[in-house]
Amino acid sequence: MPPSTTETGQGLRLSVVHPDPQARAEWRRALQSLLPAAQVREWAAAAQGSDPSASAHATGVSPGPGGTPGAHYGVGWRPPAAFFADNPDLAAFLAAGAGIDHLLALPGLPPALPIVRLEDAGMADQMFRYCLHEALRRLHHEDDYRAQQRAGGWQELPARAPADLRVGIVGLGALGGAVATRLAALGFPVSGFARGLRQLPGVRCRHGAAQWPAFLAEADLLVLMAPLTPETRDLIDAAALAALPREAWLVNVARGELIDDDALLAALDAGQLAGATLDVFRIEPLPAGHAFRQHPRIRLTPHVAAQTLIAPGARQVTDKILRLQQGLPISGIVQRARGY
Ligand code: GLV
């Protein structure tokens with residue numbers, strides 16, 4: 001059966017924005033191949049230069065049989081305010097990532113424009129492997145054995161099983177929930193903390209301020225996977241760090257602003273915390289002289305715990321646009337009042 005005109009994207013216009021020209025072009029190509037009859041163009045601020053092969057500002061697009069005639073969608077990552085000023089007719093903006101805090105903070109974001117987050121789209125698997133890697137390092141005394149090797153030592157440490165490492169996951173959304181259930185299935189005792197009541201197989205779910213200290217007290221490995229909102233900014237402060245079991249390890253794969261950096265350094269220096277694995281920072285790239293850079297008990301990665309995969313991302317975005325065009329509900333619409 002030939003694809004319907006709605007499936008081919010006839011009558012649709014898509015403007016793709018991305019700070020990385022190569023990623024922008026890849027997104028355009030992926031979307032265009034999924035929606036061959038749509039007008040897909042790259043948008044770039046004048047200084048960035050747009051791809052001359054991309055279609056120019058789309059005009060006179062004929063409407064498809066379903067949806068809004070000539071509906072125009074924005075797709076991409078870190079759009080500047082000028083993107084929205086140049087494209088005042090967007091029906092929605094579909095972000096090429098999971099965390100949209102930067103968007104909500106953007107002056108010039110049209111107040112009523114629907115924003116849609118990417119949900120999983122290949123990120124949950126990556127997050128799971130990143131967190132499992134950290135859990136296994138702890139379980140197998142990786143840091144202690146490396147320190148021993150450097151010092152020429154030869155000392156057996158007690159064997160540990162997953163049941164010996166309690167994992168606490170803050171944020172139980174598409175990514176945090178997947179990591180929590182998959183670690184629990186491997187035998188790690190997993191607790192999760194979310195904004196509201198959650199139920200996940202094998203995971204002890206907690207919520208509410210009253211349960212926060214008890215949640216922290218049972219997290220040998222504390223993993224931050226919550227969105228950045230006014231509620232989560234500086235969530236991991238001196239009091240939270242003091243509530244962790246001694247020798248706990250902190251993993252941040254969410255946003256740098258969830259942690260009070262000075263409190264983290266103080267907790268490391270005081271021996272309260274064994275160490276931290278940080279993938280995200282208040283300023284990225286992390287400035288050259290930052291205290292985290294050379295800290296012996298901080299492991300850094302450059303915001304790669306879950307990278308956006310363009311092929312599944314474009315499929316999800318296309319799917320959602322086609323559903324919106326048909327007047328069908330979609331998930332992942334950002335609720336601005338709650339911040340994600
Ligand atoms: C990356 O940080 C994302 O939010 O997808």
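How far does a polar side-chain atom of His 303 lie from an oxygen atom of the ligand? The legends below start there. This is a predicted model, where local features need pLDDT of at least 70, side-chain atom pairs count only at pLDDT 80 or more, and totals for chains, interfaces and linings use all residues. Residues are numbered from 1 along each chain as its sequence is written, and side-chain values use heavy atoms, with hydrogens and water left out.

**View 1. Polar contacts to the ligand.** For His 303, the gap to a ligand oxygen is 2.6 Å. Arg 255 also brings in a polar side-chain atom, 2.8 Å from an oxygen of the ligand. Gly 99 uses a polar backbone atom instead, 2.6 Å from a ligand oxygen. (Polar contacts here are pairs of N or O atoms within 3.5 Å.) On its own the ligand exposes 190 Å², and the protein buries 87% of that (Shrake-Rupley areas, 1.4 Å probe).

**View 2. The shell around the ligand.** Trp 77, Gly 97, Ala 98, Gly 99, Met 123, Arg 255 and His 303 make up the surroundings, each with a heavy atom within 4 Å of the ligand. By class, that's 3 nonpolar, 3 polar and 1 charged, with Gly counted as polar.

**View 3. The second largest cavity.** Gly 99 turns up again here, lining this cavity along with Ile 100, Asp 101, Pro 227, Leu 228, Gly 339 and Tyr 340. Its volume is about 30 Å³, and the whole structure has 2 cavities of 30 Å³ or more. (On a 1 Å grid over the protein atoms alone, a cavity is a set of points where a 1.4 Å probe fits but cannot get out; lining residues have an atom within 4 Å of a point. Volume is the space filled by probe spheres set on the points.)

Conventions
On a 1 Å grid over the protein atoms alone, a cavity is a set of points where a 1.4 Å probe fits but cannot get out, and a pocket is an open set with protein on both sides within 12 Å along at least five of seven lines; lining residues have an atom within 4 Å of a point. A polar contact is a pair of N or O atoms within 3.5 Å; within protein, one must be able to donate a hydrogen and the other to accept it, and residues adjacent in sequence count only if both atoms are side-chain atoms.
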